[in-house]
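Trainee: I would like to go through how the helices and strands of this chain are arranged. May I begin with a pair of helices?

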Amino acid sequence: MKSYNNLYSILCSSENIRLAYEKARKGKSKNKSVIEFEKNLHVNLYNLREELMTFSYKPLHLKRFIIRDPKSRVIHASAFRDRIIHHAIINVLILIYEKIFIYDSYASRIDKGVHQALSRFDLFKRKVSRNGKRVRSGGVRTANSIEGYVLKCDIKHYFDTVDHEVLLSILRRKIKDENLIQLIKKVLDNFESPFKGKGMPLGNYTSQFFANVYLNELDYFVKHILRAQCYIRYVDDFIILHRSKEVLELWKKRIENYLECLKIELHTDKSIIIPLKNGVTFLGYRVFYYCKLLRRRNTRHFKAKLAKLLDQYKSKEIKKGDLIQLLQGWFGYAKWANTYKFRQKILKVIENIERERV
């Protein structure tokens, strides 16, 4: 196994720190913390590099807040200077780990993402079902007799339970530069977790990357030990498709046993085997063989939000352009499902309101 030394000097280089700064500010140039940092940019970058080179760098406390989208999540935001350090670390590590991540890991990677994962699911469902071949039941093939099953799994409280020592031991297999390991340890220890030595903060760029490094162990187990061909992982959500329910039941038990080595476990209620014909809730969509629907919870949340926005539009609190802009994010999500008529209906309601206002 190839390992890497002398990475810390690369991390501390002026070129890497500058690149990390540019990545950290992307899309956030109007944030108050970024503007403040840029008032004395060259000095701040120089001081940050000096702290790294003299091993005196200490991350600032994380800012904690809650978002609801619609599920409530606790987010911990790092100071801008610390986000630069996070990017500097990942700039070095990604060159090593991107080459060893499996193809079907889709979160926080270039040219991957939710929609690529869903496209891969479409490919696998056709493969497992032999292009929608229907199983005979009592000598009759029905519309609901498409063969195949899906093992859908979720890691219980994943970001809260990632074990620091396990993660560092995984990193040390490749990273032989102890200075870099100690810097990573500082980043991990900066999060005040309810469980000592465990957990990574949602909101940190490093957390997203280390989540993939940690579960790359599971990826290799599933692909190379279980030899599962139809496997997709997105952060801690993963699915395996197979024609045999019995095979998936066996694999589920073996995965549960293997995860003990990583000191994490499957979420009992969310780790289930589902007939492909029933459809699967995956990455915000309800995926059936012939169509994709939006999750009911997401649709309810959107309709409540839409009602408020339409009231504001009727009362002229917001303009049509502002209303469309506020809806663009949801339209971007919804267009990947079979929602054309629903989206057209919304646009027609907006047009009707506009006519009434004239």
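Trainee: Is the crossing of helix 2 and helix 4 right-handed or left-handed?

Mentor: The crossing of helix 2 and helix 4 is right-handed. Please keep in mind that this is a predicted model.

Trainee: Which residues make that contact?

Mentor: Helix 2 contributes Ser14, Ile17, Arg18 and Tyr21, while helix 4 contributes Leu41, His42, Leu45, Arg49 and Leu52. These residues divide into five nonpolar, two polar and two charged.

Trainee: At what angle do the axes of helix 2 and helix 4 cross?

Mentor: The axes of helix 2 (residues 14-25) and helix 4 (residues 41-53) cross at roughly 120° and come within 11 Å. Helix 2 is therefore oblique to helix 4.

Trainee: Let us turn to the sheets. In what order do the strands of the four-stranded open sheet come?

Mentor: The order is 6-7-5-8, and the pairing is antiparallel. Strand 6 (231-234) and strand 8 (272-275) are the edge strands, each pairing on one side only. Neighbouring strands of this sheet are turned by 20° against each other on average, direction ignored.

Trainee: How many bridges join strand 5 to strand 7?

Mentor: Six bridges join strand 5 (residues 149-154) to strand 7 (residues 237-242), and the two strands run antiparallel. Within this pair, Leu151 stands opposite Ile240 in strand 7.

Trainee: Which strands does helix 11 touch?

Mentor: Helix 11 (residues 245-259) packs on this sheet and touches strand 5, strand 7 and strand 8. The direction of helix 11 makes about 145° with that of strand 7.

Trainee: And what holds strands together in a sheet, generally?

Mentor: Strands of a sheet pair through backbone hydrogen bonds, in either a parallel or an antiparallel manner.

Trainee: Now the other sheet. What is the order of its three strands?

Mentor: The three strands form an open sheet in the order 9-10-11, with antiparallel pairing.

Trainee: Why is one side of strand 9 and of strand 11 left without a neighbour in the sheet?

Mentor: Strand 9 (280-282) and strand 11 (292-294) stand at the edges and each has a single partner strand, so one side of each has no neighbour in the sheet. From one strand to the next, the twist averages 30°.

Trainee: Which residue stands opposite Thr281?

Mentor: Thr281 faces Arg286 in strand 10. Strand 9 and strand 10 (residues 285-287) pair in the antiparallel sense over three bridges.

Trainee: Finally, which helix packs on this sheet?

Mentor: Helix 6 (residues 114-128) packs on the sheet, touching strand 9, strand 10 and strand 11. The direction of helix 6 makes about 15° with that of strand 10.

Methods:
Residues are numbered from 1 along each chain as its sequence is written. This is a predicted model: local features need pLDDT of at least 70, side-chain atom pairs count only at pLDDT 80 or more; totals for chains, interfaces and linings use all residues. Side-chain values use heavy atoms; hydrogens and water are left out. Axes are lines fitted to C-alpha atoms, for helices over the stretch in contact, and angles run from 0 to 180 degrees between N-to-C directions. Angles under 35 degrees count as roughly parallel, over 145 as roughly antiparallel, 65 to 115 as roughly perpendicular and the rest as oblique. A crossing is left-handed if the near helix is turned anticlockwise from the far one by less than a right angle, and right-handed if clockwise. Contact means heavy atoms within 4.5 Å. Ala, Val, Leu, Ile, Met, Phe, Trp, Tyr, Cys and Pro count as nonpolar, Asp, Glu, Lys and Arg as charged, and the others, Gly among them, as polar. Two strands pair if DSSP finds at least two bridges between them.
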